[in-house]
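Reader: I'd like to learn how to read salt bridges in a model like this one. Could you walk me through it?

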Amino acid sequence: MAFLKLLNLGVRFLLELCILAIFSYWGFQTGSNTFMKFLSGLGAPILFAVTWGTFLAPKSPGRLHEPWLLLLELVIFALACWALYSTGNAGLAAGFGSIYILNKMLMVLWRQ
């Protein structure tokens with residue numbers, strides 16, 4: 001059981017890294033010109049990383065408390081799904097969202 005819990009935490013970390021890639025991909029795909037694509041492609045993942053590190057990271061001094069922690073987490077993951085969907089990757093958006101939901105359910109069940 002300890003291995004499965006560790007594996008679930010690893011999946012969580014990979015999901016967070018995927019969000020960085022998703023926001024970057026979205027930014028580079030949706031910009032109106034080269035400058036905006038560059039700005040969005042780098043700015044969106046940086047904004048996510050700063051938000052996550054400030055409000056959601058487990059050891060952050062500014063970590064939010066429930067229910068705000070869960071609400072912000074849901075908003076970020078929903079935005080990542082929307083970003084994938086808006087770039088024409090509906091299947092990837094559904095898969096990413098499904099993996100997140102399963103991962104979150106296991107984290108709550110196992111109190112991770």
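Reader: Let's start with one residue: is Glu16 buried or exposed?

Author: Some ground rules before that. This is a predicted model, where local features need pLDDT of at least 70 and side-chain atom pairs count only at pLDDT 80 or more, while totals for chains, interfaces and linings use all residues. Residues are numbered from 1 along each chain as its sequence is written, and side-chain values use heavy atoms, with hydrogens and water left out. Now, buried means under 20% relative accessible area, exposed means over 50%, and partly exposed is in between (1.4 Å probe, protein chains only). Glu16 has a relative accessible area of 18%, so Glu16 is buried.

Reader: Okay, and which residues does Glu16 touch, leaving out those up to four places away in sequence?

Author: For that you look for contacts, meaning heavy atoms within 4.5 Å. With those sequence neighbours left out, Glu16 touches Phe48 and Trp52.

Reader: On to the charges, then. How many salt bridges does the structure hold?

Author: A salt bridge is a side-chain nitrogen of Lys or Arg within 4 Å of a carboxyl oxygen of Asp or Glu. The structure holds three of them. In one, Glu16 pairs with Arg12, with 3.2 Å between the closest N and O atoms.

Reader: How far apart are Glu16 and Arg12 along helix 1?

Author: Helices are DSSP runs (H or I, at least four residues), and strands are too (E, at least two), numbered from the N terminus. Glu16 and Arg12 both sit in helix 1 (residues 2–30), and because they are four residues apart, about one helical turn separates them.

Reader: What else does Arg12 form a salt bridge with?

Author: Arg12 also pairs with Glu73, the closest N and O atoms being 3.0 Å apart. That pair links distant parts of the chain: Arg12 is in helix 1 and Glu73 in helix 3 (residues 68–86), 61 residues apart. Arg12 has a relative accessible area of 7%, so Arg12 is buried. Glu73, at 5% relative accessibility, counts as buried as well.

Reader: And which Lys does Glu73 form a salt bridge with?

Author: Lys104, with the closest N and O atoms 3.3 Å apart. Here too distant parts of the chain are linked, with Glu73 in helix 3 and Lys104 in helix 4 (residues 90–109), 31 residues apart. Lys104 counts as buried, at 19% relative accessibility.

Reader: So which residues are linked in a network of salt bridges?

Author: Arg12, Glu16, Glu73 and Lys104.
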